[in-house]
Amino acid sequence: MQKYSIFNLIKNAFSNHQNWDVVWRDPEPKKEYDVVIVGGGGHGLATAYYLAKEHNITNVAILEKGWIGGGNVGRNTSILRSNYMWDPNGLFYDYGMKLWENLSQELNYNVMYSPRGIINLAHSDAQLNVYSRRGNSMRLNGIDAVMLNKDSLKKMIPFADFSASARFPIFGGLMQPRGGTARHDAVVWGYARQSDSMGVDIIQHCEVIGFDVQNGKIQGVQTSRGNIKTKKVGLCVAGSTSLLAEKLNMKLPIESHVLQACVSEPVKPFLDHVVTFGAGHFYCSQSDKGEMVMGGDLDGYNSYAQRGNLPTLQHVLSEGVAMFPNLSRLKMLRTWGGIMDMSMDGSPIIDKTHISGLYLNCGWCYGGFKATPVSGWTFAHTIAQDKVHELNSKFRLNRFSTGHLLDEKGVGTKTWIG
Amino acid sequence: MLEIKCPYCGKRSQNEFSYGGDANAKRPELGKEISDKEWDDFVYFRKNPRGKHSELWHHVAGCRQWFKVLRDTGTHEIFKTTKLNEEL
């Protein structure tokens with residue numbers, strides 16, 4: 001594989017950049033693979049990459065119904081963080097943060113990792129108490145956390161509404177300085193390019209239409225481009241997980257919901273950090289192009305439509321205007337929706353299943369992007385070793401029947417509220 | 001914007017309603033001895049189809065009645081709404 005470097009850039013300039021290698025091949029599916037990953041999103045591609053890199057399993061196919069990176073990994077607000085209170089979440093996501101730190105070098109692809117810090121605003125004394133508890137729990141797990149008072153926030157985010165007349169006055173905040181953003185598409189392309197170079201077949205426009213299961217063991221998958229034999233199948237299909245599980249007569253504790261996000265017209269540098277509103281559900285950051293990237297609540301009803309409705313967007317953006325009043329002057333450039341696999345406790349599932357050779361990676365709710373590296377890393381381990389890793393040992397499917405839920409937000413089983 | 005026809009008040013904007021999920025989830029009978037699995041099924045496992053879905057909605061900023069809606073989760077088209085004691 002051609003390395004991306006300043007020398008190669010100069011060298012290729014002499015031939016008008018016409019002779020670069022293709023970034024990944026477009027192979028025909030083979031008859032048999034050691035592992036088939038269903039879903040060519042961030043998690044599927046990362047899984048294939050770590051299977052090849054960490055476990056030397058390179059006879060792998062990624063089957064993608066559309067094109068790689070066309071689902072949620074192309075539809076998120078690209079936020080990275082590990083500011084969780086519960087140990088299993090904190091340790092898992094922070095391992096992911098460590099993978100992010102070196103990802104551009106590792107993939108030889110600039111993922112534009114930007115640890116600009118994520119700030120959660122608090123709007124009451126009680127909320128500050130809750131945040132300091134969370135911050136202390138994070139620090140006990142070795143995760144960076146800083147409490148901010150109003151004066152320091154005024155210097156960091158001067159455009160927020162600090163006036164006494166604000167409907168939700170700002171009391172302070174919790175910051176994770178290592179939190180930030182990354183370029184979501186680059187993550188897809190970087191993982192795809194490296195996986196491909198190690199021998200992984202990325203097969204696009206190939207829909208899985210059925211599974212071949214005999215005596216409780218996976219034998220293969222049926223696809224729109226023919227049958228493929230394999231002993232191991234990993235599902236990484238986010239919002240479509242229930243649809244594939246139905247073909248296997250599996251019922252999952254998951255509902256699919258639409259979540260919208262939007263970007264404004266580009267403006268000059270305005271916001272240096274990722275900021276979340278504490279009195280509702282709104283988060284924003286500014287992209288390198290200058291657009292404000294914003295998101296918030298689910299639309300609130302089961303949906304596979306990948307598009308939402310204006311009432312939710314209006315609700316979310318009015319929270320944004322409450323936080324940064326001058327946002328009201330911006331025009332919106334684009335809005336879009338993605339389908340979230342909302343699990344019943346708000347935490348993911350990375351596990352084996354009752355079918356031997358079938359592995360499940362789902363339930364990411366609206367927090368899957370930041371987990372892309374660590375999800376792939378742990379899922380690859382689970383598939384290669386046929387057992388869960390310590391890091392995903394609390395993300396098992398049976399926790400709903402044993403009662404060991406990971407309800408970080410404590411909202412119960414009404415997924416559309418969380 | 002969804003327009004939802006409340007069986008009591010008629011067609012109103014989606015802003016007046018809140019969602020209540022799968023209309024087929026049935027709480028186990030009160031006082032009946034049931035297994036952990038039955039509880040598990042009731043609390044955590046819902047239908048999640050792409051296509052026609054029967055679900056509960058609440059006219060929370062209106063008559064405050066709960067009712068049933070048959071809606072397509074792929075297109076958001078609403079086919080039918082009924083009172084709770086009626087068949088969809």
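The exercises below work through a predicted model, looking at where chain A meets chain B and at some strands of chain A.

In this predicted model, local features need pLDDT of at least 70 and side-chain atom pairs count only at pLDDT 80 or more, while totals for chains, interfaces and linings use all residues. Residues are numbered from 1 along each chain as its sequence is written, chains are lettered from A and ligands numbered from 1 in the order in which they are written, and side-chain values use heavy atoms, with hydrogens and water left out.

**Exercise 1. The interface**

Task: Describe the contact of chain A and chain B by its residues and its buried area.

Solution. Step one is to count residues, where contact means heavy atoms within 4.5 Å: chain A gives 25 residues and chain B gives 23 residues. Step two turns to area, since the size of an interface is often given as the accessible area lost when the parts come together. Buried area is the accessible area (1.4 Å probe) that two parts lose on being put together, summed over both, and here chain A and chain B bury about 2,200 Å², with 53% of it on carbon and sulfur atoms. On the side of chain A, the residues that lose the most area to chain B are Tyr301(A), Asn302(A) and Tyr304(A), which together account for 28% of what that side buries.

**Exercise 2. Polar links and the elements behind them**

Task: Find which side chains meet in a salt bridge, and which element of chain A gives the most residues to the side that touches chain B.

Solution. A salt bridge is a side-chain nitrogen of Lys or Arg within 4 Å of a carboxyl oxygen of Asp or Glu, and by this rule the interface has one. Its partners are Glu255(A) and Arg46(B), at 2.9 Å from N to O. Next come the elements, which are DSSP runs numbered from the N terminus (helices are H or I, at least four residues; strands are E, at least two). Those giving two or more residues to this side of chain A include β13 (254-264) and β16 (292-302), and β13(A) gives the most, with four residues.

**Exercise 3. The surroundings of β16(A)**

Task: Is β16(A) largely enclosed or open, and which strands pair with it?

Solution. Buried means under 20% relative accessible area, exposed over 50% and partly exposed in between (1.4 Å probe, protein chains only). Eleven of the eleven residues of β16(A) are buried, so this strand is largely enclosed by the rest of the structure. For pairing, DSSP must find at least two bridges between two strands. β13(A) pairs with β16(A) in the antiparallel sense over five bridges, and His257(A) stands opposite Asn302(A). β15 (residues 282-286) of chain A is also antiparallel to β16(A), again over five bridges, with Phe282(A) as the partner of Gly296(A). In the hairpin of β15(A) and β16(A), five residues lie between the strands, and Gly290(A) takes a positive phi near 100°.

**Exercise 4. The two faces of β14(A)**

Task: Work out which way the side chains of β14(A) point and which strands pair with β14(A).

Solution. In a regular strand the side chains alternate between the two faces of the sheet. In β14 (residues 274-277) of chain A, Val274(A) and Thr276(A) point one way, Val275(A) and Phe277(A) point the other way, and all are buried. β4 (residues 118-122) of chain A pairs with β14(A) in the parallel sense over three bridges, Ile118(A) being the partner of Val274(A). Three bridges also join β14(A) to β15(A), which run antiparallel, and a hairpin of four residues connects them.
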